[in-house]
Amino acid sequence: VGSKKQGRPGQTFDRMLGFLKKPVVVTAEINLSLVALTVVGLMSRLWGLSYPRAVVFDEVYYGQFVSLYMKRIFFVDDSGPPLGHMLLALGGYLGGFDGNFLWNRIGAEYSTNVPVCSLRFLPALAGALCIPLAYQILVELRFSHCAALGAALLILLENSLITQSRFMLLESILIFFILLAVLSYLKFYNLQRHRVKYMGLFTYMLLLVIAGLHFWHMLGDQNLSNVSLVCHFLARGLTLLIIPVATYLSFFYVHLTLLYRSGPHDQIMTSAFQASLEGGLARITQGQPLEVAYGSQITLRNVLGKPMQCWLHSHTNTYPIRYENGRGSSHQQQVTCYPFKDVNNWWIVKDPGMQQLVVSNPPRPVRHGHIVQLVHGITTRYLNTHDVAAPLSPHSQEVSCYIDYNISMPAQNLWRVEIVNRESDTDVWKTILSEVRFVHVNTSAVLKLSGASLPEWGYRQLEVVGEKLSKGYHQSMVWNVEEHRYGKSQEQKEREVELHSPTRMDISKNLSFMAKFTELQWKILTLKNEDTEHKYSSSALDWITMDTNIAYWLHPTSGAQIHLLGNVCTWASANVAAVVYTCLSLWYLIRRRRKIYDIPEDAWQLWVSAGQICVGGWVVNYLPFFLMEKTLFLYHYLPALTFQILLIPIVLQHLSDHLCRSLLSKSMFSALTVAWFSSVCFAYRTFSPVTYGEPLSVAELKDLRWKDSWNILIRKQGH
Amino acid sequence: SMPAAGGGRAGSGPLRQRGARRPQGAPPVSALASRAPAGWRAALGLVTLLSFASRFHRLPEPPHVCWDETHFGKMGSYYINRTFFFDVHPPLGKMLIGLAGYLSGYDGTFPFQKPGDRYEQHNYMGMRGFCAFLGSCLVPFAYLTVLELSKSLPAALLTAFILIFDTGCITLSQYILLDPILMFFLMGAVLSMVKCNSCADRPFSASWWLWLSLTGVNLAGAMGVKFVGLFVVLLVGLNTIYNLWDLLGNLSLSLVMFGKHFLARVLCLILLPLTLYVAMFAVHFAVLNKSGPGDGFFSSAFQSQLIGNNLHNVSIPEHLAYGSVVTMKNLRMAGGYLHSHWHLYPEGVGARQQQVTAYLHKDLNNLWIIKKHDSDTADLLDSSSPVEFVRHGDIIRLEHKETSRNLHSHQHEAPLTRKHFQVTGYGINGTGDSNDFWRIEVVGRRAGKLIKVLRSKIRLTHVATGCILGSSGKTLPKWGWEQVEVTCTPYVKETPNSLWNFEDHINPKLPNISLDVLKPSFVEILLESHMVMIRGNSGLKPKDNEVTSKPWHWPINYQGLRFSGVNETDYRVYLLGNPVVWWLNLFTIGLYLLIAISTAVVLKRGVQLTSEHKGELSRVVLRGGGQVALGWLLHYLPFFMMGRVLYFHHYFPAMLFSSMLTGKYWMLGEGEAETRTENCAVLDGHFNSSHSFYLFHPLSYGMIGPMASDPSSPMAGLRWMDSWEF
């Protein structure tokens with residue numbers, strides 16, 4: 001085991017060459033070397049795991065979620081499905097973490113209750129296990145043990161993979177599962193597709209395509225009967241589609257079961273979802289009457305939830321007679337959408353044919369298609385719209401609470417209730433569950449949140465308009481009842497008291513898992529982060545040449561620092577390998593088309609299948625970033641890089657097997673390979689201080705800055 | 001007429017091809033191919049006539065600006081007036097519109113301000129007629145393409161009738177728009193490509209060269225109208241690669257011959273279109289030589305080319321000096337000038353100091369005075385004092401000339417980009433504080449060098465906080481007069497957002513030099529205009545709450561586009577496909593996929609078919625049908641990945657392909673046993689599409705009166721989908 005340490009590359013390599021010459025010895029020693037690789041890998045990833053005892057880079061981000069898991073508080077994270085977060089949280093759980101740590105600053109010292117080691121253990125373990133996985137994959141691709149050993153060593157000595165594995169981050173887990181999936185498929189056992197981040201999806205697609213190709217070749221095999229083909233097809237469908245989907249769903253199931261308390265991200269979910277969480281909205285809505293009836297007192301929440309959640313609102317202030325740009329208004333009472341709970345958010349559903357504002361006994365429920373008036377609870381004015389341009393959206397109608405100025409502007413306050421998610425046309429309007437559009441009877445305008453915020457005179461609340469050209473369904477036109485109670489007081493004075501009192505009555509409601517899952521999944525996919533700028537963000541093009549790095553952590557006093565910085569030598573060789581692979585493949589392809597066969601058929605098959613996995617894996621894990629609009633970091637490239645690294649030994653072996661024909665050139669090639677590998681080891685040694693965070697002097701740091709674009713932090717001296 | 005001439009050539013193709021192929025026996029001659037499509041010339045005449053009649057019917061109606069005519073008509077006028085403008089599309093389409101207008105006697109004086117403006121005495125018929133002419137050509141083109149691919153007259157006729165009776169295609173062809181022009185070139189390219197493929201057995205013959213180079217010409221045309229033309233380039237490119245691969249595998253062909261094939265394609269499909277494409281830009285820049293509304297989008301160097309621009313033929317001092325009055329332009333595309341005015345940031349938006357913004361138009365408020373950090377303006381204006389130049393690395397202050405406030409920044413968050421710092425105008429009469437100090441640096445220069453007006457790329461670093469002056473490109477709300485936000489970014493990165501150049505430069509103490517040295521080369525102009533177009537295109541983002549058209553709406557004809565009129569009393573035109581035609585197309589695509597997959601599987605399984613059937617199936621379903629289906633995919637799928645605003649009319653190129661597929665597909669089994677039922681089905685198809693055309697024709701030809709939701713409307717009962725708004 002000791003001889004495998006990274007410090008003595010020459011010796012290692014001599015032994016590798018030995019395997020090549022004596023195949024019998026190889027089999028005996030393979031397992032040993034696999035074990036040795038694993039052990040060395042574990043050491044390289046687990047060594048001094050709790051150093052630095054401070055928040056490192058994105059730990060500040062994932063840490064909050066771990067804390068929320070510990071406290072069972074619901075959250076939404078758009079970076080991916082919950083498996084990764086849950087695994088991190090599992091580490092925290094096993095380490096006995098109570099979730100009490102304020103994740104607010106990179107570099108903050110951990111308090112004693114944080115089990116740093118166990119939080120970082122799982123990613124590090126996953127990172128270490130990538131090494132034997134790489135070895136196995138190459139063996140399964142039917143390459144020599146020498147090549148497999150090379151792949152494993154390259155992964156082992158890749159500084160960026162080490163850095164990324166040693167902290168509470170998700171990439172190493174992602175890479176582990178990706179490699180595991182590839183290996184599983186290659187071994188053709190059942191496929192355990194786990195998803196940590198959505199990047200996993202791309203590899204999954206690649207596997208689907210490859211499986212499809214294999215099946216296509218099988219179709220051409222005339223020896224197989226139709227029945228057995230159908231069986232093959234079904235078996236693949238089962239393993240590649242149904243099992244992953246089921247696993248995926250089960251992660252969400254666990255996620256939603258674990259997180260049952262309300263928390264900071266409640267407001268982006270629908271009222272129905274919020275009501276299913278403990279605390280928060282559920283505390284208020286528990287026990288509300290379900291069916292909205294004439295005389296009900298309600299608050300109406302806009303379903304869109306963007307730019308923020310808000311409720312239909314009115315207050316005594318009127319629209320200014322003239323706006324700044326000279327247009328006129330009706331000067332009637334403002335109607336807005338207000339992002340905070342307020343007594344002015346209460347509205348009373350009134351039957352146009354009757355005067356009373358209380359619920360009769362028995363209550364008369366409002367149904368789809370009924371025509372109602374909406375009375376503002378505090379001011380008792382009626383919700384109204386008319387052919388006056390709205391303040392900020394002049395193409396839409398102004399919505400107001402009607403004041404009779406005794407000019408020729410009659411009240412137009414009848415609204416038709418349309419339940420969007422109705423099951424039949426006689427559905428009753430239900431609290432929280434029903435999504436409702438209000439269609440103005442006179443003008444067919446639809447009550448809509450325009451999303452613009454009003455100027456000073458409207459207290460920067462959000463504008464509500466009547467949309468005349470209602471093009472189909474849009475969430476900004478849909479509202480749902482959130483708080484609800486049956487009104488009891490006919491007198492305005494009593495009613496105000498009633499409006500101010502908290503709601504309380506009985507019935508509770510639950511949401512099915514699938515409904516919750518669909519909503520959560522949809523929110524994860526559509527949630528957008530606004531600010532797309534970061535000091536260490538980079539563009540996907542910078543990654544190939546590693547023109548960028550990320551400073552993960554800096555010791556507050558000594559020069560010790562940790563950077564995400566790859567092994568320069570490996571990155572360059574990986575690029576060269578990809579180029580060589582592409583050029584050689586094209587060359588062979590064109591020559592084969594002219595019926596010239598440079599290499600034997602089985603070697604060609606080997607070459608193609610290895611390329612499908614490695615180049616394909618690189619492409620699907622890299623190119624999609626060019627289409628993405630999110631903030632990109634160097635670590636997004638690591639899965640693609642892993643595949644590219646696997647290509648190096650493949651190309652090397654191919655070159656030595658098929659292009660070096662004479663003994664002399666073969667030994668020349670081996671010597672070159674040894675020299676190249678020593679340079680990889682050298683690069684690893686050189687950059688390992690910033691991988692592991694060892695203290696360095698200013699001069700040493702300056703020496704490490706091989707590229708001008710690297711951001712290595714050098715303290716000014718003498719200041 | 002032109003299409004007839006094309007048809008004449010087309011006729012000789014298939015006949016001679018069959019003659020040539022039989023002796024070789026390469027593909028087995030099927031029953032289908034052996035039957036000469038008798039009467040195809042008469043049919044061509046008929047469909048051409050019908051097509052022109054349907055497109056030119058009621059062309060002058062409505063006599064007002066409809067929908068995007070307001071843009072493209074206006075741009076046509078710009079060409080006639082030779083004023084420079086900016087648009088996100090390449091120039092060919094608008095140049096042709098301008099040319100058509102010019103030739104038909106339109107003088108370019110109509111302002112095309114907004115949809116609904118009446119044309120009055122202005123001659124707009126030339127431009128509409130030109131678009132309608134190109135739109136009419138689509139039908140004969142599609143007819144000939146399908147005839148060539150399937151060798152079946154009924155198939156070609158079905159395709160032609162589908163297109164003739166499609167209300168959507170008619171509407172889109174009747175107005176001054178880019179789409180008919182784009183689709184003309186697109187279908188032209190497809191037709192030439194198909195023709196060229198059928199000449200494959202006679203390579204390097206005159207007709208082969210003709211069709212190959214026509215393909216190239218049409219590709220250049222398609223690319224020159226809209227960047228969507230790229231999809232047809234892709235289609236032709238894939239087809240060419242496939243052909244070359246085929247030739248490479250043919251061992252009887254020597255490598256030299258293969259090289260000739262390869263070079264011929266490089267010449268006709270790459271070099272020729274590229275030359276034409278560049279040439280049309282050359283014409284574009286030669287014609288538009290006067291300053292106009294598009295100036296501000298381009299760099300200072302570019303503007304110096306335009307007659308009437310304040311940079312044209314001017315002479316200004318070359319090096320920046322203290323005391324100079326300058327304007328600063330942001331280097332991002334459409335970046336704007338550094339601007340300030342007598343208005344404060346509103347309460348709650350950073351510190352309540354004077355606004356500093358970026359403004360696209362030329363204005364007195366864009367003027368700034370350069371001062372030393374330690375002395376006052378007064379000293380500099382003293383005519384006796386010597387001129388002192390600003391050098392790279394100097395620390396300066398910038399005073400706003402109109403308001404005498406200094407450019408200032410501090411650690412308050414910027415109004416829109418919260419992670420940046422706010423930039424304000426601060427101080428009275430040029431006296432401020434140390435937060436007014438900026439270090440001026442030229443990109444890629446050493447310390448102590450002078451700074452050149454216009455040519456030096458400048459970075460202004462705030463001394464106190466280390467942040468860099470930049471423009472975020474976001475539009476401020478009403479309080480900021482919808483000008484562009486200026487911030488100080490703490491992220492030290494080299495982007496055009498944080499680089500500036502000096503444009504105007506006034507200093508009476510310095511000698512002026514001519515700016516002809518600035519003159520950009522044609523290649524630079526070409527590159528710059530493409531950068532601006534691409535930025536402009538990706539800048540067309542939907543607003544947050546806007547209801548936009550989604551690509552999945554399109555094939556199901558979910559929602560149309562209002563071309564003209566909203567209310568009952570208006571003359572209304574509504575762009576909507578003929579639902580029968582569109583749903584038939586949709587159905588056919590599904591059916592085609594099913595058939596293609598099963599055919600492929602059957603062939604792969606090696607099911608025993610007669611070689612005739614086998615050849616037929618693979619040729620018609622996979623090869624010919626595959627080409628058309630690929631065309632549909634290439635013109636449709638990319639829209640799912642586009643972030644920009646999408647409209648219903650983007651689907652029409654794809655719709656042409658799906659119509660051809662429908663025509664081809666329904667004639668697939670023709671010639672075998674069930675001829676009568678087939679014919680019945682086809683007649684039924686013709687009848688259905690023409691009948692539904694009769695029902696829906698008011699959508700294209702205009703309607704007045706009650707909306708379709710009103711039972712008294714003649715269109716009542718035709719609103720088959722709630723989302724249709726007519």
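How much area does chain B expose, and what share of it do carbon and sulfur atoms supply? In this predicted model, chain B exposes about 30000 Å², and 62% of that comes from carbon and sulfur atoms.

**Figure 1. Chain B as a whole.** Let's start with the full chain before moving in. Chain B contains 19 helices and 16 strands. It has 726 residues, and 56% of them count as buried. Among its contacts with a separation of 6 or more, 75% join residues 24 or more positions apart.

**Figure 2. Chain A as a whole.** Here is the partner view for chain A, which has 21 helices and 14 strands. Of its 719 residues, 54% count as buried. Contacts between residues at least 24 apart in sequence make up 73% of those between residues at least 6 apart. The exposed area of chain A is about 31100 Å², with 61% supplied by carbon and sulfur atoms.

**Figure 3. Annotated transmembrane regions of chain B.** The unreviewed UniProt entry gives the annotation "transmembrane region" to residues 84-105, 125-146, 153-175, 209-236, 266-287, 580-603 and 624-642 of chain B. Two of these spans are worth a closer look. Residues 84-105 are 55% helix and 0% strand, with end C-alpha atoms 21 Å apart. Residues 153-175 are 83% helix and 0% strand, and the C-alpha atoms at the ends of this span lie 31 Å apart.

**Figure 4. The largest cavity and its lining.** The structure holds 13 cavities of 30 Å³ or more, and this view goes to the largest cavity, with about 130 Å³ of space. Its lining consists of 14 residues, and those nearest the centre are B:Phe85, B:Asp87, B:His89, B:His284 and B:Met533. By residue class, the lining has 9 nonpolar, 3 polar and 2 charged members. Helix H12 (255-287) and helix H15 (522-538) of chain B each contribute at least two lining residues. Which element gives the most to this lining? That is H15(B), with 3 residues.

**Figure 5. The surroundings of B:Asn197.** Look for B:Asn197 in helix H9 (residues 179-198) of chain B. Is this residue, B:Asn197, buried or exposed? B:Asn197 counts as buried because its relative accessible area is 17%, under the 20% cut-off. Beyond its neighbours within four places in sequence, B:Asn197 is in contact with B:Asn239, B:Asn243 and B:Gln627. B:Leu212 can serve as another landmark: its C-alpha atom is 9.0 Å from that of B:Asn197, across 15 residues of sequence.

**Figure 6. The surroundings of A:Tyr581.** Over in chain A, helix H16 (residues 568-593) carries A:Tyr581. With a relative accessible area of 9%, A:Tyr581 is buried. Which residues does A:Tyr581 contact, leaving aside its neighbours within four places in sequence? They are A:Trp607, A:Val608, A:Gly611, A:Val615, A:Leu647 and A:Val651. A:His654 lies 73 residues from A:Tyr581 along the chain, and their C-alpha atoms are separated by 9.7 Å.

**Figure 7. Annotated MIR domains in both chains.** According to unreviewed UniProt annotation, "domain: MIR" covers residues 317-373, 387-443 and 448-505 of chain B. In chain A, the UniProt feature "domain: MIR" (unreviewed entry) is placed at residues 289-352, 363-420 and 424-484. Residues 387-443 of chain B are 0% helix and 44% strand, with 24 Å between the end C-alpha atoms. For residues 289-352 of chain A, the values are 0% helix, 41% strand and 22 Å between the ends, C-alpha to C-alpha. Residues 363-420 of chain A are 0% helix and 40% strand, and their end C-alpha atoms lie 23 Å apart.

**Figure 8. Cis peptide bonds before proline.** In chain A, the bond from A:Tyr51 to A:Pro52 is cis, with omega near -5°. A:Pro52 sits in the loop between helix H2 (23-46) and helix H3 (59-70) of chain A. In chain B, the bond from B:Glu61 to B:Pro62 is cis, with omega near -20°. B:Pro62 belongs to the loop between helix H3 (40-56) and helix H4 (69-81) of chain B.

**Figure 9. Positive phi in residues other than glycine.** A:Met546 has a positive phi of about 50°. This residue, A:Met546, lies in the loop between helix H15 (540-544) and strand E13 (550-554) of chain A, and counts as buried at 3% relative accessibility. B:Phe112 has a phi near 50°, also positive. Its loop runs between helix H5 (92-103) and helix H6 (125-150) of chain B, and B:Phe112 counts as buried at 0% relative accessibility.

Methods. Residues numbered from 1 in each chain as written. Chains lettered and ligands numbered in written order. Predicted model: local features only at pLDDT ≥ 70, side-chain atom pairs only at ≥ 80, totals over all residues. Heavy atoms only, no water. UniProt positions renumbered as here; feature names shortened; annotations may be inferred. Helix = DSSP H or I, 4+ residues; strand = E, 2+ residues; numbered from the N terminus. Buried < 20%, exposed > 50% of the residue type's maximum accessible area, 1.4 Å probe, protein only. Contact = heavy atoms within 4.5 Å. Areas by Shrake-Rupley, 256 points an atom, 1.4 Å probe, with all protein chains shown as cover. 1 Å grid on protein atoms, 1.4 Å probe; cavity = no way out; pocket = protein on both sides within 12 Å on 5 of 7 lines; lining within 4 Å. Points joined across faces, edges and corners; volume = space filled by probe spheres on them. Nonpolar A, V, L, I, M, F, W, Y, C, P; charged D, E, K, R; others polar.
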